[in-house]
Amino acid sequence: MHPSLTIQLRFFASVREQLGCSEETVVLPAEVATVGQVRQWLIARGGVWAETLAHGRNLRMACEQTMCEESEPVADGQEVAFFPPVTGG
């Protein structure tokens, strides 16, 4: 457990279009400590969040603009991004 962390979420391409937002600043609950847990926490919002970020969906994740796995820890002030596997120009 950690004290609450504030992170910047960013969404790109089709993920951004489906969610209707490109970024959001959130305060994470104490039990959310990895990129995968951030994803699960967002899925728990339900509706379009659950559909867009569902674990069956092939999504890429990045922490501080570096591709990462779900086990990547998050720290206060960091940026976590979600996007489809191929982002076209």
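1. F11 and F82 are both buried. Keep in mind that this is a predicted model. The two rings have their centres 6.2 Å apart and their planes at 15°, so I'd call the pair stacked. With planes under 30 degrees counting as stacked, and centres allowed to lie within 6.5 Å, the pair qualifies on both counts.

2. What does that stacked pair tie together? F11 sits in strand β1 and F82 in strand β5 (residues 79-83), so the contact joins parts that are 71 residues apart in sequence.

3. Now the other partner of F11. The ring of W49 has its centre 5.6 Å from that of F11, with the planes at 70°, so this pair is edge-to-face. The angle cut-off here is over 60 degrees. F11 belongs to strand β1 (residues 5-11) and W49 to helix α3 (residues 47-53), so the pair bridges parts 38 residues apart in sequence. Like F11, W49 is buried.

4. Put together, ring pairs link F11, W49 and F82 into a cluster. For the tally, the aromatic pairs come to 3; the two involving F11 described above are among them.

5. Which ring faces does R45 lie over? One is W49, where R45 is at 4.4 Å from the ring centre. The other face is that of W41, with R45 at 5.5 Å from the ring centre. The W49 ring thus turns up twice in this note: it pairs edge-to-face with F11, and R45 lies over its face.

Notes. Residues numbered from 1 in each chain as written. Predicted model: local features only at pLDDT ≥ 70, side-chain atom pairs only at ≥ 80, totals over all residues. Heavy atoms only, no water. Phe/Tyr/Trp six-rings, centres within 6.5 Å; stacked < 30°, edge-to-face > 60°. Helix = DSSP H or I, 4+ residues; strand = E, 2+ residues; numbered from the N terminus. Buried < 20%, exposed > 50% of the residue type's maximum accessible area, 1.4 Å probe, protein only. Lys NZ or Arg CZ within 6 Å of the ring centre and 35° of its normal.
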